[in-house]
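User: Hello! I am new to this structure and would like a friendly walk through its cavities, its ligand and its overall build. Could we look at it together?

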Amino acid sequence: MSYPYQIKSSEEYRSAYEASVSDPEGFWAGIAAHFSWRRKWDKVLEWNFSDPDVKWFTGGQLNITENCLDRHLAERGDQPAIIWEPNDPGEDYRILTYKELHFKVCQFAQVLKNNGAKKGDRVCIYMPMVPELAIAVLACARIGVIHSVVFGGFSAQSIADRIQDAGCTLVITADGAFRGNKDIPLKSVIDDALVQCPTIRRVIVLTRTRVPVSMIKGRDTWWEDEIRKVETQGNPACPAEVMDAEDMLFILYTSGSTGKPKGVVHTCAGYMVFANYSFVNVFQYQPGDVYFCTADIGWITGHSYIVYGPLSAGATTLLFEGIPTFPDAGRFWDIVDKFKVNILYTAPTAIRSLMGFGLDFVKNKDLSSLKVLGTVGEPINEEAWHWYHEQIGKGRCPIVDTWWQTETGGILISNLAGVTPGKPAHATLPLPGVQPLLVDEKGEELHGNNVSGNLCIKFPWPSIIRTTYGDHDRCRTTYFATYPGLYFTGDGALRDEQGNYRITGRVDDVLNVSGHRIGTAEVENAINMHTGVVESAVVGYPHDIKGQGIYAYVIFNGNKTDEASIRKDITQTVARIIGPIAKPDKIQLVSGLPKTRSGKIMRRILRKIAEGELQNLGDTSTLLDPAVVEEIKGGKL
Ligand code: WT7
């Protein structure tokens, strides 16, 4: 497969960028022509940001799995599509060629049909990082079923909320998951969740860890048994459902500044075109390269850059079940060495953590296959950037610092590996088709360079969020109402003298903990579920490895045992309600919170104290009870 739209020089970048701004429709029509369509589009783009209403390639029909699988069969059917490395390095790895992946996707799509799934239904996927997860995702897309993948670190309650919100009818899960030296009982978590989910008619369970599970008669069935049934049906070919360009492809839940996560909706054609275009250009993928993205498919990074982007480009994508520190902190480098990985895409938090383990885990690993390194999820600090560049890339590999969001579907701001210059800690320049701008608090555009403000985008790109599932107005108020006529990212950014963007972090009440988005309100709600908790306030603070840590101030009047067990109880409550990823790092018990006379918590003050900034707390004169600030300062952890 060749990529005629792969940008090869800075000049080509500039001309592509200009074309994408002066004639966006012509530009994207030119890219979209390189995909397989069942019917060509009538209109490239219709949009307004006030409803919002954005439609790309209307009238066009296609199936994303034909673009990810079928169209590669003739030319590269025997090439590895997925390389899978298990959690335990002693277990055999697996390789699925494009032919094999195509076969298995069709087979499992037939399983879904046999179990009553049909176009437009929503299916929840809660699985370990095994090839069957990618197969399940693609099988849904094959028959027009909308997938909602929930990351394996979320609790039963979080799963139930997501299943209810989307009205899912079927769950695909596994008995359990291996993560490092832990076994996670996925099926048992699902069983707890489903007590509250009457819409679920069927649960398909893959065998992975072989922990005992309870199978509910009439509801639960084993993946392997279902496959055998399809085999006895003689493996009927499972034709791809013909989808309209703007039919929903998937829902992915993400946290915002309110307590309830929202279901970000992406649609078929625009998402596919942009995931592919950004993959090919940012990473400069060459046919035959082995590409390794360390994210979990449960996050948008996994959707766009493990599954859809790479597979639509006919790439070889490596899927790793485990964690960076198991069996030791050299695991990523062992994998790079073992499979001669050419492109490695990971998160700053992983780099910082591995950096902390020292160079013993890097030396004696052959990393000479690496050509391109990437980061995503949070700002990368210069120290981690240099370590990655020198110790892993040996000074020869460009690093792409890719800025984007669940809502953007694909990378919007990044250098293009080896094509446009990188700069430590800067995402640098927008991709063609992306028109960012910075605004001040009032929404006035900040022109020129050397400015900082709130990051917005003024024109739609093909994989922009279409709606928040079941609540379109929430999509409008969250992203399109703060600055009318603009998409607001929720991030702050600087633009340097060359026009490079540096993302400084969220400007709303959203935390970024190890590259995972967590709403402060969500954590507060979870803490407040504990019977002894009167009230709580959660803020972020700088954390050496995680980027941000979670600091909770809690008013507690329950049974006064010792503080350590109160903290432990509260932490357990959060793990139960949201999942282990949202556990507070610090819990300070306080007798009151700094509130204004109207009852609003002054988070600014709490944030400063959590950051260790005890002096310049700003104006505290509007506080109802200024004395509480002194108490909180005194008890800072
Ligand atoms: C938020 C989006 C997009 C995949 C992973 C996270 C932060 C993301 C960068 C980067 C600085 C970044 C932003 C953004 N972020 N990439 N390269 N530099 N910050 O997806 O969970 O939707 O979170 O992650 O704050 O808004 P997400």
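## Cavities, ligand and fold

Analyst: Happily! Sorted by class, the lining of the second largest cavity holds two nonpolar, two polar and five charged residues. Please keep in mind that this is a predicted model.

User: Thank you! Which residues line that second largest cavity, and how much space lies in it?

Analyst: Its lining includes Lys260, Pro261, Lys262 and Gly263. Asp165, Thr468, Tyr469, Asp471 and Arg474 also belong to the lining of the second largest cavity. The space in the second largest cavity comes to about 50 Å³.

User: How many cavities of 30 Å³ or more does the structure hold, and how much space lies in the largest?

Analyst: Counting cavities of 30 Å³ or more, the structure holds four. The largest cavity has a space of about 90 Å³.

User: Which strand gives the most to the lining of the largest cavity?

Analyst: Let's begin with the lining residues, among them Met127, Pro128, Met129, Phe151, Ala177, Phe178, Arg179 and Asp296. By class, the lining of the largest cavity splits into seven nonpolar, two polar and three charged residues. Ala177, Phe178 and Arg179 are in this lining, and the element that spans residues 177-179, with three residues in the lining, is strand β9.

User: Now the pockets. Which element supplies the largest share of the lining of the second largest pocket?

Analyst: The second largest pocket has about 280 Å³ of space. It is lined by 16 residues, and those closest to its centre are Asp161, Gly259, Lys260, Pro261 and Glu522. Two elements, α7 (156-166) and α16 (520-528), each supply at least two lining residues. The largest share, six residues, comes from α7.

User: How do the residues lining that second largest pocket divide by class?

Analyst: The lining of this pocket is a mixture of classes. Its residues divide into six nonpolar, five polar and five charged.

User: Let's turn to the ligand. How many residues surround it?

Analyst: The closest residues to the ligand are Asp401, Thr402, Thr406, Asp491 and Arg517. By class, the shell has six nonpolar, six polar and five charged residues. The number of residues surrounding the ligand is 17.

User: What distances separate the polar atoms of the ligand from Glu378, Asp401 and Arg517, and how much of the ligand does the protein bury?

Analyst: A polar backbone atom of Glu378 lies 3.4 Å from a nitrogen atom of the ligand. For Asp401, an N or O atom in the side chain is 2.7 Å from a ligand nitrogen atom, and for Arg517 a polar side-chain atom is 2.8 Å from a ligand oxygen atom. On its own the ligand exposes 560 Å², and the share of that buried by the protein is 96%.

User: Which elements give two or more residues to the shell around the ligand?

Analyst: There is one helix and there are two strands to name here. The elements that give two or more residues to the shell are α11 (300-312), β20 (399-402) and β25 (501-506).

User: Stepping back, why does the radius of gyration of the chain agree with a compact globule?

Analyst: The chain has 19 helices and 30 strands, and its C-alpha trace spans about 75 × 65 × 55 Å along the principal axes. For 637 residues, a compact globule would have a radius of gyration near 26 Å. The value of the chain agrees with this, because it is 24 Å.

User: Where are the cis peptide bonds at Pro52 and Pro327 placed, and what is omega for each?

Analyst: Most peptide bonds are trans. Pro52 sits in the loop between β1 (43-48) and β2 (53-58), while Pro327 sits in the loop between β17 (316-320) and α12 (331-339). A cis bond joins Asp51 to Pro52 with omega of about -5°, and another joins Phe326 to Pro327 with omega of about -5°.

User: Lastly, what is phi of Asn235?

Analyst: Most residues other than glycine have a negative phi. Asn235 lies in the loop between α9 (223-232) and β13 (243-244). Its phi is positive, near 45°.

Key: Residues are numbered from 1 along each chain as its sequence is written. This is a predicted model: local features need pLDDT of at least 70, side-chain atom pairs count only at pLDDT 80 or more; totals for chains, interfaces and linings use all residues. Side-chain values use heavy atoms; hydrogens and water are left out. On a 1 Å grid over the protein atoms alone, a cavity is a set of points where a 1.4 Å probe fits but cannot get out, and a pocket is an open set with protein on both sides within 12 Å along at least five of seven lines; lining residues have an atom within 4 Å of a point. Grid points are joined across faces, edges and corners, and a volume is the space filled by probe spheres set on the points. Helices (H or I, at least four residues) and strands (E, at least two) are DSSP runs, numbered from the N terminus. Ala, Val, Leu, Ile, Met, Phe, Trp, Tyr, Cys and Pro count as nonpolar, Asp, Glu, Lys and Arg as charged, and the others, Gly among them, as polar. A residue is near a molecule or strand if one of its heavy atoms lies within 4 Å of it. A polar contact is a pair of N or O atoms within 3.5 Å; within protein, one must be able to donate a hydrogen and the other to accept it, and residues adjacent in sequence count only if both atoms are side-chain atoms. Accessible areas come from the Shrake-Rupley method with a 1.4 Å probe; for residues, only the protein chains shown count as cover. The radius of gyration is taken over C-alpha atoms; the globule rule is 2.2 Å times the number of residues to the power 0.38.
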